[in-house]
Structures are given as structure tokens and as C-alpha cells.
Amino acid sequence: MPLARSLSATSLSGLEEWDEDFDLEDAVLFEIAWEVANKVGGIYTVIQTKARLTSEEWGENYFLVGPYVESNVRTQVELIEPTNPVMKRTIDKMNSSGCKIYFGRWLIEGSPYVVLIDVGFTAWSLDRWKSELWELCDIGVPWFDREANDAVLFGFLTAWLLGEYTAQCEDPPHVVAHFHEWLAGLGLVLCRQRQLSVATIFTTHATLLGRYLCAGNVDFYNNLAEFNVDKEAGDRQIYHRYCLERAAAHCAHVFTTVSQITAIEAEHLLKRKPDIVTPNGLNVKKFSAVHEFQNLHAQSKNRIQEFVRGHFYGHLDFNLDKCLFLFIAGRYEFSNKGADIFLEALARLNYLLRVNHSDVTVIAFFIMPARTNNFNVETLKGQAVRKQLWDTAQTVKERFGKKLYESLLVGQLPDISKMLDKEDFTIMKRAIFATQRQCQPPICTHNMLEDSSDPILNCVRRIGLFNSSADRVKIIFHPEFLSSTSPLLPMDYEEFVRGCHLGVFPSYYEPWGYTPAECTVMGIPSISTNLSGFGCFMEEHIADPSAYGIYILDRRFRGVDESCNQLTSFLFQFCKQSRRQRIIQRNRTERLSDLLDWRYLGRYYTAARHMALAKAFPDTYLYEPQEPTSTTGFRYPRPASVPPSPALSRHSSPHHSEAEDNDEEERYDEDLEAEKDRVNIRQPYTTPFKNKSPGNFICGKKKLLQSSMYSPPL
């Protein structure tokens, strides 16, 4: 199925200059999500990283609305009294009516205001609100679905908050309410049903039904138009959730999603085509020294190597300097995240490395949280043995240094045979004996609660990769998120990513893909797919993604075995690269970070909010649909140092012969390439809401008149 464009193209050149300033002084933005100051999934990253840019745009008129979770508030939120008199009256009125609303600043970049709603405090109203939901919308929520119950409470309280705020305003307000995902969507539905003077936006980051269908191993993308959505949702016992999501999508003035691939999915499953695509960005921090990120890579890689020394003690028969660290990370969805195809490709890669007598060793990390009860004893022992060996070496070194110093003091060259005495050899022999190991290094770093049924471990058993000495591919499964306080691998996720060589994310279902985006910003090459929003976005804006370290796996028009072979080819060609080639590729990858900066991608959210204002308040804001002026966008060219086609038909920056390497050294000029790449992307703007306009409509300010609601059919 072709990836057709929405009316608002995601080409970065598709957004032109605003025709006139868009005055937001008398407008207020509420952004509502279950993940506000509450880390549950990827939406938390979207809201947290975007907050700084949105705060710059809206200033004191920007409020984030989320659930009150005491453990999170204690560490992330500074509770204060509202400075906005309307907001203070609103919260006071709701608190006096039996609610519990908190106000504060979220301690992140931008320090946005947050309104936190304690849904548990009003749980006594759940049955009454469920009855009202059934009477208004014919949506019934079962008693046993706790998540849906929270969505009902949160939705009614959010609608109450917005209604109370508009009632407390002295002048007719211009309120924009942006709802993220189905958990917050009921509030939007109630706003429209109660005819509140609010411009509404609904963003789906992933459809509920799409996630469930893909997890069920169906041929999803080739059968999108064929699914009986009501039956499929009912069979999976999520019909009530699906109804809430679909109702929010249809009631919103503006419906958005995060990628073109998800826009097609939403059109078929939610039965509404998104008005605009809003890709997810990151806050990109540039270093004063151009290659500082390379130094950070070396530092973090050394820390990973220390962990590997301990994990493989007694079997450390490979050269760590010729060891490549690969990783996959994210929610533990074995098929959706592509862990199944990654493991199969690793087995084939192991065979290729062995038959080609390669001296490269690959260590693949699986960072996916699962149910465990503690660290694996053998894994902890490995780190203890490593530390003991280090302490032994330091002791012998000090004794050796003291004897050397005394020998030099008396003016004699040392007799090396006498520098180490019998006691020194005894200490070292005891340390060596302590490293003897009868078992293989463990696959999993923790004790799994469901070891026999765990998908990753069962797949490892099937393919036979048990970290034996003969294997050139080793596997380490770390079933919890990384933390700098861990006694096993004391590294934050960002530090760990910087220390790896390649991120592998062969997802079957990935509406956007923050993990490969984070790799790109840190200058780490990655593998994604043409079924992920990130992969499609990069294919659109880069002429040759693989030359920049962005490998796009085809999972749309190939079978599983073909995709697995292609992934194996990517991995094998990456293993054949020289150290210098990997450094050059990391430089190119890091230069793509500007593409993912919120300073660029934030303009799509700006366009969605202006579109909603124009639809909700047509007497105040002007909205005139137009055809997109550009659908091609700009594309990073193929780097000058990469051989032209057809030599590049191997989907990577491959390892060449010695003659080719010498030729590339003459051809490659880092500064020249960087300058050419910078020409292809414009500098970030500082006031996006005043001087940028979406290419598919003209949006301006009319003389303020009495507001009137625009009500599309529900």
C-alpha cells in the first residue's frame, strides 16, 4: 500500500512563512495527557522534551494537565499557588466541590505549569459518571478494567476543569485543549458534548487496535482495509477502549498523528484521516567542540567494556578492542519491537562470522523490562571477580613500583627477575584460579519469574546462542531499565547508548520510534524499518540514509525470511567496517540531529493549534484551505566521500579493499562534508508562532468578535 500524504505534508520545506503575526495573548493552551509528570511510555518523552519550546511560545498561558501520582510529584514537581487569577478561582472552586487538584511547576526544561488531578480522590463518582457516559455516548466500561476506569475519572475531571476555567473567565476565552491518546480522550468528547468554548486537538501516538493486532502476528499492513474493526476490538476485549479512542478522534476539531504510516492506520481503524502529521522531536544539545560526542562515545564504551570483562570472566577469549556492542531497547513486545527477527539475524550473523574467520566479536544487549525477582547470582559474582582481579593487579603494581623506586634511588638498573617475589606470584595465581568457571556466561542478568515461557529466552534456546567460546555473537538480556545506581551496570540509558556502536530496532509496529531518534541525536548509527514513523521520515528527507548510518529495513514488501536476510546483511557489512569508517559514519549520523530538533518539528504542533483555533473560533481566526505548495521537501544528499552507484548498492558504508580505503581517505573531508550538509537545513527559528505558517492553509487574526463554536458532525 503506498504511503499517501496527508494534506499537511511532513516535508520540512512544506511550512512557509506566516502571512501575518498570530496573536496568542488572549489564548490559553491546555495540554492533557496521562503521562504528564508520570513516566509510563514514550508519550512522556514527547511532552517532556516539547515543553520548553511550547513554554517559549505560550508563556504563562500554557498549562499541562495530568494525574496526581504522589511518588512522582515528590521528585518532579514543585507545588505552588497559581499566579493566574482565573486558574486560582477554578482550582479553588473544584476543591471546594469535592475534588483534589494540585498546581505547580514541572521541574524540567521550560518549567511549565502543571495541573495535577487526584483521580482516586473522586473515585466515589465512578459509577455515576459511567452511567452518564452510557446515556450520552452509549459506551459501557466494565468494572474490571482499572485503566479504563481511570480514563473515565480523568476524562470527567478534565472536562470539569476546562468548563470551570471558561466559566471563570470575564471575557470570552480562546482556549485550546490538546489531548494525547485514548486515556485522555474522554475529556475531549465531553467538551464537545457540553459545547464548551474550547478548540480541541486529539493526537494518537499509536492506535489501540493496531498495537493489539500486530502483537497477534497478523498480516497487518496488507490487510488494513479488510479488518472488521468492531469485531476485532470485541474479540480482544478492548471494545470500550476503542470506542473512547474513536470518539475522541471524530469529536476533535483537529486530529493529528505522529507519522505518515500511522496516519494510514488511523484512517482505516479510526475512520478519520488526520488533518496534520506531527512528528516527534528531541531537544538537541550541540557541543562547542565538534567531536566531543566521539569522546563521550569512547568514555561510555570503556564502561561497557568493564561490565563485559566481569560478565565473561573465565571465557574472555576475544579481543575487546575488536568487539562491537549492539543493542535493542524499549517496551517488551517481542514481535512488535522486532526482537524475534533480531535474534534470528544474530544467529545467521554468528554463522557468517565463523565461516569467514572474522576476528570481530558482537555482543548484543536486550534492554527490555520483564518480571524478575532479583539479580542473577552468577552475574553479580562476575562483577565481584573483576573487581577482585583489579584490586590484585593494583596491589602487585604498588609492590613492584616500590621496589623499582628503591632500585633507582641507589643508582642501579633493576633486576627484573627479582622485582616480583614468590608472594607476588602466589597472589596472582590465586587471582587466576578465582576466574576459573565451569559454566557458560549467563544470557540473562536477572532471575526471571517466568523463565520457561519468556519469549527471548525461548528463542535463544532455539537458535543455540549460549555465549560459548566458539560463538562470535554473544547475547546479554538485561530485563530492566538502566540506572546509574545499579550495582550491576551502573549507567544511565543515555550513557549506555553513547557507548554502543549500533542500535537495532527492526520493529513491525512502531508509530514513531524514539529509540532510533535518540541514537541519531547522540551520533550512533541505527537500524529501523519502513514500518516505523522514524524510518519513513528519514527515507523522505535523506537521499541515501545508509550512508548517514540510518539503515532502513524493508518489512513492508518482503517476507519475514527476506527481511531477516536483509538485516543479517546490514549487520555483517557493519561488522566489516574499519574503525575509521565507523568514526566517519558517526560524524555523519550526528549531523542529522538538526532534523529531529523540536525547533524544527515543533512547527507542526504550532500549525495544529492554529488550525484548531481557526475552526473553533472562525469569527476571530482565519482559516483558508489551500493545496500544499511543496510535497518534495529537501533531502540530504549522498555524502561526497561515499562511492557513487552502483558501488553503493549494498545498503551501507561497506568495508572496501585497501586500495578503496586509501582512495576514501583522500576523498573524505569532514569539514567540507559538514558544511555541505548544513546548507540543506535552515537554522532554527526562535519565535515559531509569529513567523511560520503551514503550507496547506493561511492563518491570520481578524478583529475580535463574539466567539462562535464550529461543530463538525460527531
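Here are some worked exercises on a predicted model of a single chain.

**Exercise 1: Get your bearings**

Work out how many helices and strands the chain has, and what percentage of its residues are buried.

*Solution.* Start with the secondary structure: you should find 25 helices and 21 strands. Next, look at burial. Of the 714 residues in the chain, 58% are buried. Finally, check how the contacts are spread along the sequence. Take the contacts between residues at least 6 apart in sequence; 77% of these join residues at least 24 apart.

**Exercise 2: Follow helix 11**

Compare the reach of helix 11 with its expected span, then find what its buried residues pack against.

*Solution.* Step one is the length. Helix 11 covers residues 292-311, which makes 20 residues. From first C-alpha to last, helix 11 reaches 29 Å, close to the expected 28 Å at 1.5 Å a residue.

Step two is burial. Among the buried residues of helix 11 are Phe293, Gln294, His297, Ile304 and Phe307.

Step three is the partners. The strands that the buried residues pack against are strand 11 (323-329), strand 12 (361-367) and strand 15 (473-478). On the helix side, they pack against helix 13 (377-409), helix 17 (493-499) and helix 21 (579-591).

Now zoom in on one residue, Gln294, which sits in helix 11. Its relative accessible area is 11%, and the cut-off for buried is under 20%, so Gln294 counts as buried. Leaving out residues up to four places away in sequence, Gln294 touches Ile583, Arg586 and Asn587.

**Exercise 3: Turn to helix 21**

Decide whether helix 21 is mostly covered or mostly open, and say which of its residues are buried.

*Solution.* Begin with the dimensions: helix 21 has 13 residues and reaches 19 Å from its first C-alpha to its last, close to the expected 18 Å. Then go through the residues. Ten of the 13 are buried, and helix 21 is mostly covered. The buried ones include Gln581, Arg582, Ile584 and Gln585. Arg586 and Asn587 are also on the buried list, and both are touched by Gln294.

**Exercise 4: Describe the second largest pocket**

Find how much space lies in the second largest pocket, which elements supply its lining, and what classes of residue are there.

*Solution.* First, the volume: the second largest pocket holds about 380 Å³ of space. Second, the lining: there are 20 lining residues, and Lys301, Asp321, His501, Arg579 and Arg582 lie nearest the centre. Arg582 is also one of the buried residues of helix 21.

Third, sort the lining by element. Helix 11, strand 11 and helix 21 each give at least two residues. Helix 11 supplies five, the largest share.

Last, sort by class. You get seven nonpolar, six polar and seven charged residues.

**Exercise 5: Two buried histidines**

Place His178 and His610 in their elements, and list what His178 touches.

*Solution.* His178 first: look in strand 7, residues 174-180. At 0% relative accessible area, His178 is buried. Its side chain makes a polar contact with the side chain of Thr203, at 2.7 Å. Not counting residues up to four places away in sequence, His178 touches Leu29, Phe30, Glu31, Ile32, Ile201, Thr203 and Tyr605.

Now move to helix 22 (residues 598-616), where you'll find His610. His610 is likewise buried, with a relative accessible area of 0%. Check its distance to Val176: the two are 434 residues apart in sequence, but their C-alpha atoms are 9.2 Å apart in space.

**Exercise 6: Loop residues**

For Asp138 and Asn467, check the sign of phi and decide whether each is buried or exposed. Then find what the side chain of Ser97 pairs with.

*Solution.* Keep the usual pattern in mind: most residues other than glycine have a negative phi.

Asp138 has a positive phi of about 60°. It lies in the loop between helix 4 (126-137) and helix 5 (146-168). With 57% relative accessibility, Asp138 is exposed.

Asn467 also has a positive phi, near 60°. Its loop runs between helix 16 (455-463) and strand 15. At 1% relative accessible area, Asn467 is buried.

Finish with Ser97, in the loop between helix 3 (85-95) and strand 5 (101-106). Ser97 is partly exposed, at 36%. A polar atom of its side chain lies 2.8 Å from the backbone oxygen of Lys93.

Technical notes
Residues are numbered from 1 along each chain as its sequence is written. This is a predicted model: local features need pLDDT of at least 70, side-chain atom pairs count only at pLDDT 80 or more; totals for chains, interfaces and linings use all residues. Side-chain values use heavy atoms; hydrogens and water are left out. Helices (H or I, at least four residues) and strands (E, at least two) are DSSP runs, numbered from the N terminus. The expected span of a helix is 1.5 Å times one less than its number of residues. Buried means under 20% relative accessible area, exposed over 50%, partly exposed in between (1.4 Å probe, protein chains only). Contact means heavy atoms within 4.5 Å. A polar contact is a pair of N or O atoms within 3.5 Å; within protein, one must be able to donate a hydrogen and the other to accept it, and residues adjacent in sequence count only if both atoms are side-chain atoms. On a 1 Å grid over the protein atoms alone, a cavity is a set of points where a 1.4 Å probe fits but cannot get out, and a pocket is an open set with protein on both sides within 12 Å along at least five of seven lines; lining residues have an atom within 4 Å of a point. Grid points are joined across faces, edges and corners, and a volume is the space filled by probe spheres set on the points. Ala, Val, Leu, Ile, Met, Phe, Trp, Tyr, Cys and Pro count as nonpolar, Asp, Glu, Lys and Arg as charged, and the others, Gly among them, as polar.
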